[in-house]
Every structure is written in structure tokens, then in C-alpha cells.
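Got the structure open in your viewer? Keep your selection tool handy and follow along.

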Amino acid sequence: HHFKISQKFKNDLEVFFRPIKPYDIRRIQQMFYSLSTKSVRNRYHGTIKTMTYEVAQNLTNIDYSKEMAIVGVIGNRGSRKIIAEGRYIYNPNNNMGEFDIVICEEYQNKGIGTFLANYLTKIAYSRNLSGLYSEILAYNNPAFALFSKAWPTATKSFDSGLCTFKVKFPEEKSNYPQNSILIYSGEFNSFSFGDNHPVNLNRLS
């Protein structure tokens, strides 16, 4: 898995993005316990209240043919920590990925979430998914703002306290300028990633 890239954000914060690995168990636990109760509720919708070894193991040891998880890491060897995690899980019923993201509070509002959402979108597109969707709690304002920005053309539907953002990828790829970066549903963004971005736009045949 070669989906690795370094990116600079506000105040010269450098974040290294890479696929999650089984040896990240401790770091995922540390990130979980650094989150506020509200962030935990927003991200896990009440399904996870403590990050046991087993839960962390399930989150870090994944089947890359069915899901993708990218973590944002800061710090030097020996003091590295995960400050962001985004993932989608493949849903065979609609050929789409169910998307989730969490950014540590002190690193929010720096552009990390938008970058990570765009990055995973591009990976999902290159893997022939039909699109992505995310169910968020209706009062989760940070996620609401993030998805509105990262997926400007998403459809939104509300149901019993949940808001679902859904983005369908265009069927016909010949419409794309080859050197641009896809943001959901045909919008393009050429500033998020440099030329060295590790994922190319061509879908698997």
C-alpha cells in the first residue's frame, strides 16, 4: 500500500498520512483517550465508549480489499502520535463506501479534515466505488462544516437525528481533465495536492 504523503498545514504543521497498520494499536488508543466525550460521541455514535485492545485491534488490522483507513501522524521517531483518522468501509449493497473521520480537537480548523476527506475520496474513486456517504449526528457542527466544504455537491438527507451526506462519482471519466484532482461528483480542486500525490486518477480496469 503506497498511499503515503506528507502535507503542510497552518503554522508549518507537517502531517504524514499513511494507511493504518496493525502496530498502531497503542497510538489509536492514545488518540481515542485524548478526544473529548463529545468528539467520541460524534465519531462513534455511542457504539464505542472505551477503546479496549480488541476494539483497537479491529480498527487497525483491516482488510484493504473491503476498507481503507488513513491516519495522520505527527512527531519524530519515538514520539509519533496519530492526530487524525479517516476511513471508508465498503458497502456491497450500493457499491459505495461508508465514510468516517475524526481529528483531534487541538488540530481542527487547520485544513487536515478537508485534505483527508479529499484524499480518501480519490482512493475510493480509483478503486471503482460508486461514491461515498457519511452519517453524522445532526448537531455535529464540525463534521457538518467539513462535509459541506469537502463535498460541495453532496446530497443531504435527515432522518431521526442523523444527517447523511452522499456523493456519487460521475460514471463517465472522459469528462475529467486528467491532471486534476477529483472532488466528489465532478467538482475539481487542483490546489489540495501537489504533483507528487501518490494516487493517480485512473480507475482500476
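Start by selecting K156 in this predicted model and showing what touches it. Setting aside its neighbours within four places in sequence, you'll find K156 in contact with F144, C163, T164 and F165. Now colour by secondary structure: K156 sits in strand β7, which covers residues 155-159. Is K156 buried, or is it at least partly exposed? Switch on the surface and you'll see a partly exposed residue, because the relative accessible area of K156 is 45%, and partly exposed covers the range between 20% and 50%. Before moving on, pick the C-alpha atoms of K156 and V167: they are eleven residues apart along the chain, and the distance between them is 9.2 Å.

Next stop, the largest pocket. Select I103, Q108, P142, A143 and L146, the lining residues that lie nearest its centre. In total, 30 residues line this pocket, and its volume is about 600 Å³. Which element gives the most to the lining? That's α5, with six residues. To see more of the wall, highlight α2 (37-44), β5 (96-103), α4 (112-126), β6 (131-137) and α5 (141-150), each of which supplies at least two lining residues. Colour the lining by residue type and you get eleven nonpolar, eleven polar and eight charged residues.

Last, hide the surface and head for the largest nonpolar core, a set of 56 residues. Show F17, I70, Y88, F99, I112 and W151 as sticks: these touch the most other members of the core. Then select α4, which gives the most to this core, with nine residues.

How values were computed:
Residues are numbered from 1 along each chain as its sequence is written. This is a predicted model: local features need pLDDT of at least 70, side-chain atom pairs count only at pLDDT 80 or more; totals for chains, interfaces and linings use all residues. Side-chain values use heavy atoms; hydrogens and water are left out. Helices (H or I, at least four residues) and strands (E, at least two) are DSSP runs, numbered from the N terminus. Buried means under 20% relative accessible area, exposed over 50%, partly exposed in between (1.4 Å probe, protein chains only). Contact means heavy atoms within 4.5 Å. On a 1 Å grid over the protein atoms alone, a cavity is a set of points where a 1.4 Å probe fits but cannot get out, and a pocket is an open set with protein on both sides within 12 Å along at least five of seven lines; lining residues have an atom within 4 Å of a point. Grid points are joined across faces, edges and corners, and a volume is the space filled by probe spheres set on the points. Ala, Val, Leu, Ile, Met, Phe, Trp, Tyr, Cys and Pro count as nonpolar, Asp, Glu, Lys and Arg as charged, and the others, Gly among them, as polar. A nonpolar core is a set of buried Ala, Val, Leu, Ile, Met, Phe, Trp, Tyr and Cys residues joined through side-chain atoms within 4.5 Å.
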